[in-house]
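Trainee: Before I trust any of the labels on this model, I want to see the rule behind each one. Walk me through them, please.

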Amino acid sequence: MGNLRTALLAWLFARSTGRDFLLRVEDLDTGRTADGAEARQLADLAALGLDWDGETVRQSSRTERYAAVLERLDVYECYCTRREILAAPSAPHAPEGAYPGTCRDLTEAEREVRRRERPAAVRLRATVDEFTVTDVLHGEYTGTVDDFVLRRGDGMYAYNLAVVVDDAAQGIDQVVRGDDLLPSAPRQAYLTRLLGGMPPTYAHVPIVLGPNGIRLAKRDGAVTLAERGGPPVVLPELAASLGLQGRTPREMLNDFDPARLPRAPWTLPL
Ligand SMILES: [Zn+2]
């Protein structure tokens, strides 16, 4: 229900402004295609009346592009474990959770030693501490940019790199997604700029909560389209949660206005 509501909002934002609505399967670390989850999700969107344009892009098929873009960036190897990062003294004025820069200025000899300990992650050598993005719901939002990871130690390309490369390739000029991702938007917009692109506008929409007040999860009960009774039950439920009158996504376009969207998370009645 959380994903469906965000997808409906993304569709409404796109269709109400004459944009194409594009789908991308962000499957770099899930490996979910095998269990049918992807096909089920696409079928759910279609059943709700959410149509999309063009081919569905799969991130797992685009690693060569990510590798090529990584070559163009100023990066360095990082050998830190999560525990070492948490234990390191943070740089002055650095925000909570920012990478402290431990591996930024190691000598080649020091790198030789540390490379033997574990496979290195690759981090961006950022030249700013923060960056500002424009969000339809949050206005101008300024957030931390640190030397974030572009490729993990296990060789997996990071989400922050993949979305930036893919948004540019697909010509994405508006990103609509859950507001749990708002803090990562400044990093992605900064990286877009570094690569010579124009950052998209964002609309970070409130997420859906379960009965315990945290992000809705499968264990909360009847949370999928099928479990809740299909489109005839779910469409009115989603419309009401957004303050919209229509019974189908097309009808909801009639009174969709981003300025009037609820700003608080929606707790799914279970
Ligand atoms: Zn490090």
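Mentor: Start with pairing: two strands pair if DSSP finds at least two bridges between them. The elements themselves are DSSP runs, helices being H or I with at least four residues and strands E with at least two, numbered from the N terminus. This is a predicted model, where local features need pLDDT of at least 70 and side-chain atom pairs count only at pLDDT 80 or more, while totals for chains, interfaces and linings use all residues. Residues are numbered from 1 along each chain as its sequence is written, and side-chain values use heavy atoms, leaving out hydrogens and water.

Trainee: How do you know that strand 5 and strand 6 pair?

Mentor: Strand 5 (residues 130-135) and strand 6 (residues 139-144) share six bridges, and the rule asks for at least two, so they pair. Their sense is antiparallel. One bridge puts Thr134 opposite Glu140 in strand 6, and a hairpin of three residues joins the two strands.

Trainee: What makes the side chains of strand 5 alternate?

Mentor: In a regular strand, side chains switch between the two faces of the sheet. Here Phe131, Val133 and Asp135 point to one face and are buried, while Glu130, Thr132 and Thr134 point to the other and are not. Buried means under 20% relative accessible area, exposed means over 50%, and partly exposed is in between (1.4 Å probe, protein chains only).

Trainee: Why does Met198 get its label, buried or exposed?

Mentor: Its relative accessibility is 64%, past the upper cut-off, so Met198 counts as exposed. Met198 belongs to the loop between helix 7 and strand 9.

Trainee: And what about Val163 and Gln188, buried or exposed?

Mentor: Val163, in helix 6 (residues 159-170), has a relative accessible area of 2%, so it is buried. Gln188 lies in helix 7 and is buried too, because its relative accessible area is 2%.

Trainee: Why is the site of the zinc ion called tetrahedral?

Mentor: First, the donors: N, O and S atoms count within 2.8 Å of the metal (3.2 Å for Na, K and Ca), and since water is not among the atoms, sites may look incomplete. Cys78 (SG), Cys80 (SG), Tyr99 (OH) and Cys103 (SG) coordinate the zinc ion at 2.1 to 2.3 Å, so they qualify. Four donors are tetrahedral if all angles lie between 85 and 135 degrees; four are square planar and six octahedral if opposite donors are over 155 degrees apart and all others between 65 and 115; anything else is irregular. The angles here run from 102 to 123°, so the site passes as tetrahedral. The donor spacing in sequence is C-x1-C-x18-Y-x3-C.

Trainee: How do you know whether Cys78 and Cys103 are buried or exposed?

Mentor: Cys78 is at 3% relative accessibility, so it counts as buried. Cys103 is at 0%, so it counts as buried as well. Cys78 is part of the covered face of strand 3 along with Tyr76, whereas Val75 and Glu77 make the uncovered one. Strand 3 pairs with strand 4 (residues 121-124) in the antiparallel sense over four bridges, and Cys78 stands opposite Ala121 there.

Trainee: What lies over the face of Tyr99?

Mentor: Arg123, at 3.5 Å from the ring centre. The rule wants NZ of Lys or CZ of Arg within 6 Å of the ring centre and within 35 degrees of the ring normal.

Trainee: How many aromatic pairs are there, and what kind is the one of Phe13 and Phe256?

Mentor: There are three aromatic pairs. The rings of Phe13 and Phe256 have centres 5.2 Å apart and planes at 80°, so this pair is edge-to-face. The rule takes rings of Phe, Tyr and Trp (its six-membered ring) with centres within 6.5 Å, and calls planes under 30 degrees apart stacked, over 60 edge-to-face and the rest tilted. Both residues are buried.

Trainee: What is the handedness of the crossover from strand 8 to strand 9?

Mentor: Strand 8 (residues 174-178) has five of its five residues buried, and five bridges join it in parallel to strand 9 (residues 201-205). The chain passes through helix 7 (residues 185-194) on the way, and this β-α-β crossover is right-handed. That label applies if, with the strands pointing away from the viewer, the path from the first strand over the helix to the second runs clockwise.
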